[in-house]
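Visitor: I have a structure to look over with you. Can we take it in questions and answers?

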Amino acid sequence: GSPAGAAYLEKQHTALSVLQSHSCTDAEEEAARAACSKHIDEESHAETFSDCLFDLCHGGDESFAQSAAAFLMPLDNSA
């Protein structure tokens with residue numbers, strides 16, 4: 001591999017370590033729930049909502065919720 005590839009993989013490994021080592025306080029979980037609720041309907045997408053909470057409670061930010069919501073959107077096949 002290239003030095004750039006090695007640097008990328010090291011960065012991803014470090015980011016994953018941060019995500020795995022962080023946990024939520026009650027206040028952080030409430031904030032995560034609010035952020036996830038903005039983008040994902042808990043009732044119709046319970047598993048994705050739960051994954052969103054996990055991601056945000058382990059170091060992710062609201063962009064994680066936005067990305068998860070994007071995967072739930074139907075594809076526009078009209079083009």
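Visitor: Which residue forms a salt bridge with Glu42, and how far apart are the closest N and O atoms?
Guide: This is a predicted model, where local features need pLDDT of at least 70, side-chain atom pairs count only at pLDDT 80 or more, and totals for chains, interfaces and linings use all residues. Residues are numbered from 1 along each chain as its sequence is written, and side-chain values use heavy atoms, with hydrogens and water left out. A salt bridge here is a side-chain nitrogen of Lys or Arg within 4 Å of a carboxyl oxygen of Asp or Glu. Glu42 pairs with Arg33, and the closest N and O atoms are 3.3 Å apart.

Visitor: Is Arg33 buried, partly exposed or exposed?
Guide: Buried means under 20% relative accessible area, exposed means over 50%, and partly exposed lies in between (1.4 Å probe, protein chains only). Its partner Glu42 has a relative accessible area of 40%, so Glu42 is partly exposed. Arg33 has 32% relative accessibility, so Arg33 counts as partly exposed.

Visitor: How many salt bridges does the structure hold?
Guide: Side chains of opposite charge can pair when their charged atoms come close. One such pair is Glu42 with Arg33. Another is Lys38 with Glu62. The structure holds two.

Visitor: How many residues apart in sequence are the parts that the pair Lys38 and Glu62 ties together?
Guide: The closest N and O atoms of Lys38 and Glu62 are 3.2 Å apart. Lys38 lies in helix 2 and Glu62 in helix 4, so the parts tied together are 24 residues apart in sequence.

Visitor: Is Lys38 buried or exposed?
Guide: Its partner Glu62 has 27% relative accessibility and counts as partly exposed. Lys38 has a relative accessible area of 60%, so Lys38 is exposed.

Visitor: What pattern does the chain follow along the sequence?
Guide: Helices (H or I, at least four residues) and strands (E, at least two) are DSSP runs, numbered from the N terminus. The chain comes to four helices and zero strands. Read along the sequence, the pattern is α-α-α-α.

Visitor: Are helix 2 and helix 4 roughly parallel or roughly antiparallel?
Guide: Axes are lines fitted to C-alpha atoms, for helices over the stretch in contact, and angles run from 0 to 180 degrees between N-to-C directions. Angles under 35 degrees count as roughly parallel, over 145 as roughly antiparallel, 65 to 115 as roughly perpendicular and the rest as oblique. Helix 2 (residues 26–39) and helix 4 (residues 62–72) pack at about 30 degrees, with axes 9 Å apart. The two helices are therefore roughly parallel.

Visitor: Which residues make the contact between helix 2 and helix 4?
Guide: Contact means heavy atoms within 4.5 Å. Helix 2 brings Ala35, Cys36, Lys38 and His39, and helix 4 brings Glu62, Ala65, Gln66 and Ala69.

Visitor: Is helix 2 parallel or oblique to helix 3?
Guide: The axes of helix 2 and helix 3 (residues 46–57) come within 9 Å and cross at roughly 130 degrees. That makes helix 2 oblique to helix 3.

Visitor: How do the residues of the contact of helix 2 with helix 3 divide?
Guide: Glu29, Ala32, Arg33, Ala35, Cys36 and Ser37 in helix 2 meet Phe49, Cys52, Leu53, Leu56 and Cys57 in helix 3. Ala, Val, Leu, Ile, Met, Phe, Trp, Tyr, Cys and Pro count as nonpolar, Asp, Glu, Lys and Arg as charged, and the others, Gly among them, as polar. The contact divides into eight nonpolar, one polar and two charged.

Visitor: Which residues does Ala32 touch, not counting residues up to four places away in sequence?
Guide: Ala32 sits in helix 2. At 3% relative accessibility, Ala32 counts as buried. Ala32 and Cys57 are 25 residues apart in sequence, yet 6.6 Å apart in space, C-alpha to C-alpha. With that sequence limit of four places, Ala32 touches Leu53, Leu56 and Cys57.

Visitor: Are helix 3 and helix 4 roughly parallel or roughly antiparallel?
Guide: Helix 3 and helix 4 pack at about 160 degrees, with their axes 9 Å apart. These helices are therefore roughly antiparallel.

Visitor: Which residues is His45 in contact with, leaving aside neighbours within four places in sequence?
Guide: His45 is in the loop between helix 2 and helix 3. His45 and Leu72 are 27 residues apart in sequence and 8.5 Å apart in space, C-alpha to C-alpha. Apart from those neighbours, His45 contacts Ile40 and Leu72.
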